[in-house]
Amino acid sequence: MSALKSAAPELLPLLKQYFGFTSFRPLQEEIIRDSLAGKDVFALLPTGGGKSLCFQLPALARDGLTVVVSPLIALMKDQVDALQASGIAATFLNSSLAAGEGRERLRGLHNGEFKLLYVAPERLMLSGFLKDLQRWNVRLIAIDEAHCISEWGHDFRPEYRQISELRKLFPNVPFMALTATATGRVREDIITHLKLRDPKIYVASFNRPNLTYRVLAKNKPFDQLFEFLRARPKESGIVYCLSRKGAESVAERLTENGIKAKPYHAGLTPKERSEHQELFLRDNIRVVCATIAFGMGINKPNVRFVVHYDLPKNIEGYYQETGRAGRDGLPGECVLLFSAGDAVKQTMFIDEKPNPQERENARKQLQQMVHYAECANCRRVELLAYFGEEFSGNDGRAGSPLPADGAHGVARPTEINCGACDNCFSPRATFDGTLAAQKFLSCVFRIREKTNFGVGLNHVVEVLTGADTEKIRKWGHAQLSTYGIGKEHSRPEWAAIGRELVRLGYLRQTTEKFSTLELTNAGAAILKSRGKVTLTKPVAAPETKKHQVGEISCDEGLFERLRDLRKRLADERDVPAYIVFSDVALRQMARNYPASERDFARISGVGEKKLREYGDVFLQEIAQHLATNPRQIFADDSFVVPLPQRSSLGDTARETLRRFRARASPVEIAEARGLVIGTIYGHLATAIEAGEKIELADLLDAEAQTEIAAAFKRTGWGNIVGARELLGEKYDYGLLRIFRAVANARRGD
């Protein structure tokens, strides 16, 4: 370790010069040094964990060419643009290039002009291209998204299997395999199929402490999504949909309702996909609606939210997709709209798969996804356990490994609270489910006793609720003692109870085409002893709690000015805004108010080239802001003393508040400012949540307040959508949010 530390200065100057960072993220330096020493490396780092730097920095630290194999054409351009903006000679070769453009890049490669080459596996394995590679002094071969090589991975690509042929052609060149998500089985597959030789293996924590995870009961999903987006008027994100048609429809409806959105799926032409992605990367649209099955390959660091409009097919895909939020380390929100009906749709697709083994794997993965969505334990604990990691605190540290098969069917410790998921900051109510469990388990037992074979979840529910179906008549299940004994619960409620009994380990669910339920030893014991069983109520819209991990308090007015400046500079250079500077860098500028080049160079992400290119213009913008606005003081990442006194409220919301206090009505304010009424209500709700006082009587009379309070009492304070529906959609979402904010403020006084 001492040798490692003593050699560190050799890499740190390069890190600062080209990338603008003064220190490495966890495991980066160790991975880089092993690669430079000529060793094969397997690196599993979560999305946002800095995988790319692990092969980019070694390319700068030695002669020759680093070849990066990537399955995503769009991501190649994205990364090369970012590298070139930092003064690094990089290029890519893929089918998106015109013939002349490709020939020019090949000439540059023959002349040794590039340090990094990004290429797709299909192009890489062409015989003519392999001959070229052997002449280009290749010093490292990095395989990104390496999980694509495994049939057990969530994104298997057959063309990845050919990459192992490179080992024969480049016996002395080190290989580096990188992925953001892989179970133990997939990790073994990657190492085997790529023929890595005695590789150094690095597995970082899967924990993303800056992400908040929530699962909401799916109910009028577009309304739920629209309310979520309206509450975040300046944030951008991704909405994942099950089908191409769904992605198109959601994007169209959002656009019709004033939220700029575009679809992104495999059915679009490459030109359309490229255009939609560029609009998103450059902040010209706020939302991309993408199919779950199609990887976007985006590198946008300031994605603030990911919403799963439909149920993902497996936890690995869900984890990778949610990981696209908050890659810059600032807070990100991950919301899943869950309906058991979505699982039924997914099962229908699974049944169409021709390969029996694929069907069984897919059913098992879907069951795990449903278990995650319905579980009452900490979602972070559940996610990390799936990948074999034990959660040890939300500070970004890696946890202890779990047993290989310990991720599923085992009740999680209930005392753990990550403070950043719905089950932790708004625990669901529990109830004594002993009688319900006895009825359900007994019904499973009686059915098998009578017919000597198991049945599926839905059939057990039909027996409990006294349904009259062909199968019940055919098998004589109406004569069972458990027939019709469960009419106190609806069918969806019984189905949820059954799935929770599976999660608790009292039942086992098979993964064949006709999935059946079986009593486990624990289930038989609890049935015989009539022991107490505590169950949880189904997922619903929870009270939200503002999550602080990763947040950088700053002068929000200056931050907005710097964002506008960044956008103008990016448009002039025809690149996405974050290639100029990340949100992290802008927030540091708006917090530290750098006044000289020396101060500016201390900002994260400011390397030598960016200091020369952008330093003066950003310093000038900061100085102009301070000429007309007071300097704010921050300490310990929390707002301390504003000069003059003011709450942490954005300028546009503050302007609405000022006009409202001057006795202008919301309608008048909306007309004067050219905004929709819902936006004005959102400003007022935000003001209340920021601690500003507003008289509710100025917006709602006593009768309306009584009516709304009664609705919230029935639906719960977290369920605005449910309250609005109960009120016959009589009141705008914004008014209901204002009412709830005032009520919360009163409870806090």
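**Strand S2 and the largest cavity**

In strand S2, Leu65, Val67 and Val69 point one way and Thr66 and Val68 the other way, and all are buried (under 20% relative accessible area with a 1.4 Å probe, protein chains only). The strand, residues 65-69, is thus described as mostly covered, with five of its five residues buried. The model is predicted, with local features requiring pLDDT of at least 70 and side-chain atom pairs pLDDT 80 or more, while totals for chains, interfaces and linings use all residues. Residues are numbered from 1 along each chain, and side-chain values use heavy atoms, without hydrogens and water.

S2 runs parallel to strand S5 (residues 138-143), to which five bridges join it; Val69 is placed opposite Ile143. Strand S4 (residues 116-119) is also parallel to S2, through four bridges, and Leu117 is the bridge partner of Val67. Strands are DSSP runs of E of at least two residues, and helices runs of H or I of at least four; pairing requires at least two DSSP bridges.

Two cavities of 30 Å³ or more are present, a cavity being a set of points on a 1 Å grid where a 1.4 Å probe fits but cannot get out. The largest has a volume of about 40 Å³, taken as the space filled by probe spheres set on the points. Its lining (residues with an atom within 4 Å of a point) includes Phe453, Val460 and Leu517. Helix H19 (residues 434-451) contributes the largest share, three residues.

Mean pLDDT, the predictor's confidence from 0 to 100, is 82. Values stay under 50 over residues 541-548 and over residues 636-648.

Conventions:
Contact means heavy atoms within 4.5 Å. On a 1 Å grid over the protein atoms alone, a cavity is a set of points where a 1.4 Å probe fits but cannot get out, and a pocket is an open set with protein on both sides within 12 Å along at least five of seven lines; lining residues have an atom within 4 Å of a point. Buried means under 20% relative accessible area, exposed over 50%, partly exposed in between (1.4 Å probe, protein chains only).
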